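Colleague: Thanks for making time for this one. Could we go through the model together, question by question?

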Amino acid sequence: MSNRDMLFSAPIASLGDWTFDERVAEVFPDMIQRSVPGYSNIISMIGMLAGRFVTPASQVYDLGCSLGAATLSARRNINHADCRIIAVDNSAPMVERCRRHLDAFRAATPVDVLEADIRDVPIENASLVILNFTLQFLAPDDRLALLSKIYQGLNPGGALVLSEKFSFPDQQMGELLFDMHLDFKRANGYSELEISQKRSMLENVMLTDSVDTHKARLQAAGFTHCELWFQCFNFGSLVAIKSGESA
């Protein structure tokens, strides 16, 4: 049972910018379930995509792994020998909890949990790479370089799963989907104070792109096949496949 997210329930004098610190790591499972519509569906489908794309003796990367939910889902669905998952996060509290979390579940596929900047981690012999709500926290100027590195490190027929919060060029639709997301958070028990304080902390840290911007960037990185496979309000996930033998 995860701890309930009460981090923003009282007024905070100096909000500052968002960080994935000890307090966030402590309540993260509750926070993300109550804040990200469709999150559990995306996690489940990452497992199904792992079953489809992961090939023998290859590597899976979970970049920005937080507590390891996507890693666990992928690992449950890997049916080949000699595979390895490399899970990476730059938050020490997240990495520590991720290791404990993964150790609680026995599985044949080994996982290396690294405390590192995903921009510094080499991608090699990859059949699947997961960026689950991670790219949006990178400086926009760094995003194409990371995607290009991922593309180069993927084996032919390998896939990238890219989940993000989206912005929308159509202002009216953007406002509607934004408001529906607020309704989702209210329905999950967040107060107006909690919603506004969290949004204030995130606004300088999480810079969102439109679906079309994501697709154009993926194509610039080398992916010729990419499509939105899931969307709920202003959150969603794309899958991009490196050309080659079909998975």
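Colleague: Is Ala57 buried, partly exposed or exposed, and what is its relative accessible area?

Modeller: A word on the basis, since this is a predicted model: local features need pLDDT of at least 70, side-chain atom pairs count only at pLDDT 80 or more, and totals for chains, interfaces and linings use all residues. Residues are numbered from 1 along each chain as its sequence is written, and side-chain values use heavy atoms, with hydrogens and water left out. Buried means under 20% relative accessible area, exposed over 50%, and partly exposed in between, with a 1.4 Å probe and protein chains only. Ala57 is therefore partly exposed, with a relative accessible area of 41%.

Colleague: Where is Ala57 found, and what is its phi?

Modeller: Ala57 is found in the loop between α2 and β1; helices (H or I, at least four residues) and strands (E, at least two) are DSSP runs, numbered from the N terminus. Most residues other than glycine have a negative phi. Ala57 is not a glycine, yet its phi is positive, at about 60 degrees.

Colleague: Which residue in the loop between β6 and β7 has a positive phi?

Modeller: That loop runs between β6 (225–232) and β7 (235–241). The residue there is partly exposed, at 21% relative accessibility. Its phi is near 55 degrees although it is not a glycine, and it is Phe233.

Colleague: Back to the loop between α2 and β1: which side chain makes a polar contact with that of Ser58?

Modeller: Ser58 is buried, with a relative accessible area of 1%. Leaving aside neighbours within four places in sequence, its contacts (heavy atoms within 4.5 Å) include Asp82, Arg84 and Asn155. A polar contact is a pair of N or O atoms within 3.5 Å; within protein, one must be able to donate a hydrogen and the other to accept it, and residues adjacent in sequence count only if both atoms are side-chain atoms. At 2.7 Å, the partner is Ser127.

Colleague: And with which side chain does Asp209 make a polar contact?

Modeller: Asp209 lies in the loop between α7 (192–202) and α8 (211–221). Asp209 is buried, at 12% relative accessible area, and among the residues it touches, not counting those up to four places away in sequence, are Arg143, Lys165 and His214. Its side chain makes a polar contact of 3.0 Å with that of Arg217.

Colleague: At what angle do α2 and α3 pack, and how far apart are their axes?

Modeller: Two packed helices are described by the angle between their axes and the distance between the axes. Axes are lines fitted to C-alpha atoms, for helices over the stretch in contact, and angles run from 0 to 180 degrees between N-to-C directions. For α2 (residues 39–53) and α3 (residues 69–76), the values are about 35 degrees and 7 Å. The contact is made by residues including Ile43, Gly47 and Ala50 of α2 and Ala70, Ser73 and Ala74 of α3.

Colleague: How far apart in space are Ile43 and Ala74, C-alpha to C-alpha?

Modeller: Ile43 is found in helix α2 and is buried, with a relative accessible area of 10%. Not counting residues up to four places away in sequence, Ile43 touches Ala69, Ala70, Ser73 and Asn132. Ile43 and Ala74 are 31 residues apart in sequence, and their C-alpha distance is 8.6 Å.

Colleague: Last one: how much of the protein chain is buried?

Modeller: The chain has eight helices and seven strands. Of its 247 residues, the buried ones make up 50%.
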